[in-house]
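Dear colleague,

I am handing over the structure below, together with a short account of what turned up in it. Please look through the sequence and the model first, and then read on.

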Amino acid sequence: SVSSVPSFCTMSPPWSESFDLAQSALKEERFFDGVQFINSCMEAYAKVVGDESDRVVKDPGSFVEEYTSKLTEEQKEMLRKMYEVRGDIITGLGANKRAAVDYQCAQKLGAELKDKVAQAEAKTKEKKASGKVPVTVLTGFLGSGKTTLLNHILKEFHGKRIAVIENEFGEVGIDDSLIEAGPLTTEENIIEMNNGCICCTVRGDLIAGLKKMMKNSIKNGKPLDGVIIETTGLADPAPVAQTFFADDYVQQKMHLDGIVTLVDAKHLIMHLDEEKPEGVENEAVEQVAFADRIVLNKCDLVDEAHLDEVEKRIRMINESVKIQRTTQSKVDMDFILGIEAFNLDKILEMDDAFLEDEQDHQHDDRVSSCGFHVKGEVHQQRLNEWLAWLLKERGVDLFRTKGVLAVQGMKEKFVFQAVHMAFNGAPQKEWEPGEERISKLTFIGKNLNRQELEDGFKKCLVGGGYAAN
């Protein structure tokens, strides 16, 4: 058998403090912290008994099978307790299928846990009726139609109180101008964050935003029916989803209903095939991989054979995901909301590092944004000519162009959006009497030449009044 820790050693073993912390976190229902503690405890314990891999956590069945005969009774008893505690913590997070695996390992080491195993297995088949506020994460590469879909949802859900957190990758916030609040979606229920990508630097802000919405709704006696988080087109959904397990308050009050990914039928394959620098993840692939539902949008821009090929490519990444084909982001609401589709067990099977707190997430640093915020008006003919030239010459590298412009002689705000070379623009709401006429323009793309964009935009302005951001 493997030698146990010598009895003359008065120092506590390397795993013991983590085990105490894991048990405390479990008692206090701090489940996400508990996972970090129990994992590091078990990995340290495995090293003491002679295993340098992380199988004790990642492949527990094979670890227990190999080591049961090599351990002393005392060591088996300790490992049995660890697997039981890990099962309890993972149950708290809702990964019942994985919890059953940990309980079964504890049983192989001598525990009597038939009830816990049966309970965990039964819960995997139950529908969630948690009383928590459902949250939908709306993701998709730049220009796939997320804001259009968000507007459909807000208009469709009359009588529902939906809160929105909107995250932009861009220097100048545009999307808040494009969101049309429904009757019960008040301004205080729309939070815009454009100080970084939601999946990395601003996760603390996301948690703060969710808490603020929740506390306001309780204080005002206006309970929320749902929350929608629209991520930037460059977001990896994994860290956003992890937020619902990482913060205790959020975990107690909200549950992740599903990750809905919009894909642009015309451009998806190009984005999936894009070669990235070493160590940089392909966000388009991650967004498809993590999706509970895929809205295959802009189907009117391609033929049937291309759509079949796009669906085939999606299935190669996410075999069982449900897909609905759409135009203008018009989708059945019951396909995307109230779907109870997010499944922590499914995610852990695909990405066993999902619950690890220190995740690497590296964006492609060739991708940047630049924006312009101008008091005054633009000349329509010059603007059309410049945009036509720009999209033709630089369209491959321009993932997304969007703007809300004050056009000389036009009573309405001119709203336009472009994805690569595909352009779409139309007059929208009228300027209010006395409202300052401002033009906002944002470009997101690869290898952007800021000076060239700035010079081109300046030439479209009527008179002076130029200010770049």
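A residue is called buried when its relative accessible area is under 20%. Cys41, with a relative accessible area of 0%, is therefore buried, and Cys460 is buried as well, because its relative accessible area is 1%. A search of the whole structure for disulfides finds zero of them; for orientation, a disulfide is a covalent bond between the sulfur atoms of two cysteines.

Please keep in mind that this is a predicted model, and that confidence varies along the chain. The mean pLDDT of the protein is 77, with 76% of the residues reaching 70 or more. Confidence is highest in strand β7 (residues 322–325), at a mean of 94, and lowest in helix α9 (residues 175–178), where the mean is 42. The pLDDT is below 50 over residues 169–189, a stretch that nevertheless has 79 contacts in the model beyond its near neighbours in sequence. Residues 465–469 also have a pLDDT below 50, and this stretch has 21 contacts in the model beyond near neighbours in sequence.

Turning to the aromatic residues, a search of the whole structure finds three aromatic pairs. Among them is the pair formed by Phe63 and Tyr67, which is stacked, with 4.8 Å from centre to centre and 20° between the planes. Both residues, Phe63 and Tyr67, belong to helix α4 (residues 60–67), where they are four residues apart, or about one turn of the helix. Phe63 counts as buried because its relative accessibility is 1%, and Tyr67, at 6% relative accessibility, therefore counts as buried too.

Charged side chains also lie over aromatic rings in this model. The charged end of Lys215 sits over the ring of Tyr249, at 4.9 Å from the ring's centre, while Arg293 lies over the face of Phe335, 5.5 Å from the centre of that ring.

One further residue that you may wish to look up is Glu340, which is found in the loop between α16 (333–336) and α17 (344–350). Glu340 counts as partly exposed, because its relative accessibility is 27%. Although Glu340 and His255 are 85 residues apart along the chain, their C-alpha atoms are separated by 9.0 Å.

With best wishes

Methods
Residues numbered from 1 in each chain as written. Predicted model: local features only at pLDDT ≥ 70, side-chain atom pairs only at ≥ 80, totals over all residues. Heavy atoms only, no water. Phe/Tyr/Trp six-rings, centres within 6.5 Å; stacked < 30°, edge-to-face > 60°. Helix = DSSP H or I, 4+ residues; strand = E, 2+ residues; numbered from the N terminus. Buried < 20%, exposed > 50% of the residue type's maximum accessible area, 1.4 Å probe, protein only. Lys NZ or Arg CZ within 6 Å of the ring centre and 35° of its normal. Disulfide = S-S within 2.5 Å. pLDDT = per-residue confidence, 0-100. Contact = heavy atoms within 4.5 Å.
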